[in-house]
Amino acid sequence: MRATTIHVAVYGAAGRMGQAILRAVSAEPRLHVSAALVRAGSELAGRTLREVHGAAAPDLEFADALDPDTPVDVLVDFSGAHAFDGALALALERRAAFVSGTTGLAEAQRRALDRAAADIAVLWASNFSLGVALLMRLARSAAQALPSWDCEIVEMHHRRKLDAPSGTALSLGEAVADGRGIALGACAVHGRSGRTGERPEGEIGFHALRGGDVVGEHMLVFAGPGERLELAHRATDREVFARGAVVAARWIAGQAPGAYSIDRILGEA
């Protein structure tokens, strides 16, 4: 493993996840925050990380553009679907590895991410919790082992979350569908209401709850005759996502171009 410093630019640095990632990167000996990028007009632009995070933080200004002379090995993006295109374009321009946890992407943005993997190392995940990464693996295994059992996915997040179901819930659904060798689009059902009739065999149900300040909870239910299996993950602190993103940034630096999954970094923490 390389002993050299890894320069990390954080895109979407003004958001809650961006702030958490800045703190996590600053605390990692091998990583160095080379840029904290915010949108034009942000109230943080021109202020330093030290002003915002205290004396232990780097004396680096938040900026709305990346200086051409700033070294970047990895660009970490937690901006939002509206800003994702700019983040990916910047990573390609600088030939930097790209780590992104932005959810709610349009199909065209997903295709752009796939194309980018021909030129740079890309790791996109709907959730950077290492516990959730393991949950994805368990979901796929359970779906393979219990192919005839009904599967329902329930998620809950804070009241300010903009998309539903969560990207993580959809990724869990993809893992279940993959385990059963089917396409998620052909079997997904989002909520139920009224006289729905009997549950068709093979459905994967999604249910989204919103309220309070819940960081993130996901539960898979596999229900069979006379018994039920529940697999659940509950995050109580969004720092877990930041720590996972830092592990991903450390791992992906120097990797060859290609599309990588968060499953690859299990065991690297």
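## Two sheets and their surroundings

Strand β1 (residues 6-11) and strand β4 (residues 74-77) run parallel and are joined by 4 bridges. Across this pairing, Tyr 11 stands opposite Asp 77 in β4. Strands here are DSSP runs of E with at least two residues, helices are runs of H or I with at least four, and both are numbered from the N terminus. Two strands pair if DSSP finds at least two bridges between them.

This is a predicted model, in which local features need pLDDT of at least 70 and side-chain atom pairs count only at pLDDT 80 or more, while totals for chains, interfaces and linings use all residues. Residues are numbered from 1 along each chain as its sequence is written, and side-chain values use heavy atoms, with hydrogens and water left out.

**The parallel sheet**

β1 and β4 belong to an open sheet of 7 strands with parallel pairing, in the order β3-β2-β1-β4-β5-β6-β12. Its edge strands are β3 (62-63) and β12 (258-260), and each pairs on one side only.

β4 also runs parallel to strand β5 (residues 97-100), again with 4 bridges. Val 74 has Ala 97 as its bridge partner in β5. In a regular strand the side chains alternate between the two faces of the sheet. In β4, Val 74 and Val 76 point one way, Leu 75 and Asp 77 point the other way, and all are buried. Buried means under 20% relative accessible area, exposed means over 50%, and partly exposed lies in between (1.4 Å probe, protein chains only).

**Residues around β4 and β5**

Three residues can be compared by place and accessibility.

| Residue | Place | Relative accessible area |
|---|---|---|
| Thr 70 | loop between β3 and β4 | 15%, buried |
| Arg 95 | loop between α3 (81-94) and β5 | 55%, exposed |
| Phe 98 | strand β5 | 0%, buried |

Contact means heavy atoms within 4.5 Å. Leaving aside neighbours within four places in sequence, Thr 70 is in contact with Ser 34, Ala 35 and Arg 94. With residues up to four places away in sequence not counted, Phe 98 touches Leu 75 and Asp 77. Its other contacts include Phe 84, Leu 88, Leu 113, Ile 120, Leu 123 and Ile 252. Phe 98 and Ala 117 are 19 residues apart in sequence, and their C-alpha atoms are 9.1 Å apart in space.

**Backbone exceptions**

Most residues other than glycine have a negative phi, and most peptide bonds are trans. Arg 95 has a positive phi, near 55°. Ala 164 and Pro 165 are joined by a cis peptide bond, with omega about -10°. Pro 165 sits in the loop between β7 and α6.

**The mixed sheet**

A second topic is the sheet that contains β7. This open sheet has 5 strands in the order β8-β9-β7-β10-β11, with mixed pairing. β8 (188-190) and β11 (227-235) stand at the edges with a single partner strand each, so one side of each has no neighbour in the sheet. On average, neighbouring strands of this sheet are turned by 15° against each other, direction ignored.

Strand β7 (residues 150-157) pairs with strand β9 (residues 204-210) in the parallel sense, over 7 bridges. The bridge partner of Met 156 in β9 is Leu 209.

Two helices lie across this sheet's strands. Helix α5 (residues 130-145) lies across β10 (216-224) and β11, and runs at about 165° to β11. Helix α6 (residues 167-180) lies across β7, β8, β9 and β10, and runs at about 30° to β10. Axes are lines fitted to C-alpha atoms, for helices over the stretch in contact, and angles run from 0 to 180 degrees between N-to-C directions.

**Rings and a charge**

A search of the whole structure finds 3 aromatic pairs. One of them joins Trp 251 and Tyr 260: the ring centres are 5.2 Å apart and the planes stand at 80°, so the pair is edge-to-face. Rings of Phe, Tyr and Trp (its six-membered ring) pair if their centres lie within 6.5 Å; planes under 30 degrees apart count as stacked, over 60 as edge-to-face and the rest as tilted. Both Trp 251 and Tyr 260 are buried.

The charged end of Arg 110 sits over the ring of Trp 124, 4.8 Å from its centre. For this, NZ of Lys or CZ of Arg must be within 6 Å of the ring centre and within 35 degrees of the ring normal.

**Annotated span**

The UniProt annotation "domain: Dihydrodipicolinate reductase N-terminal", from an unreviewed entry, covers residues 6-128. UniProt positions are given in the numbering used here, feature names are shortened, and annotations may be inferred rather than shown by experiment. The end C-alpha atoms of residues 6-128 lie 19 Å apart, and the span is 33% helix and 22% strand.
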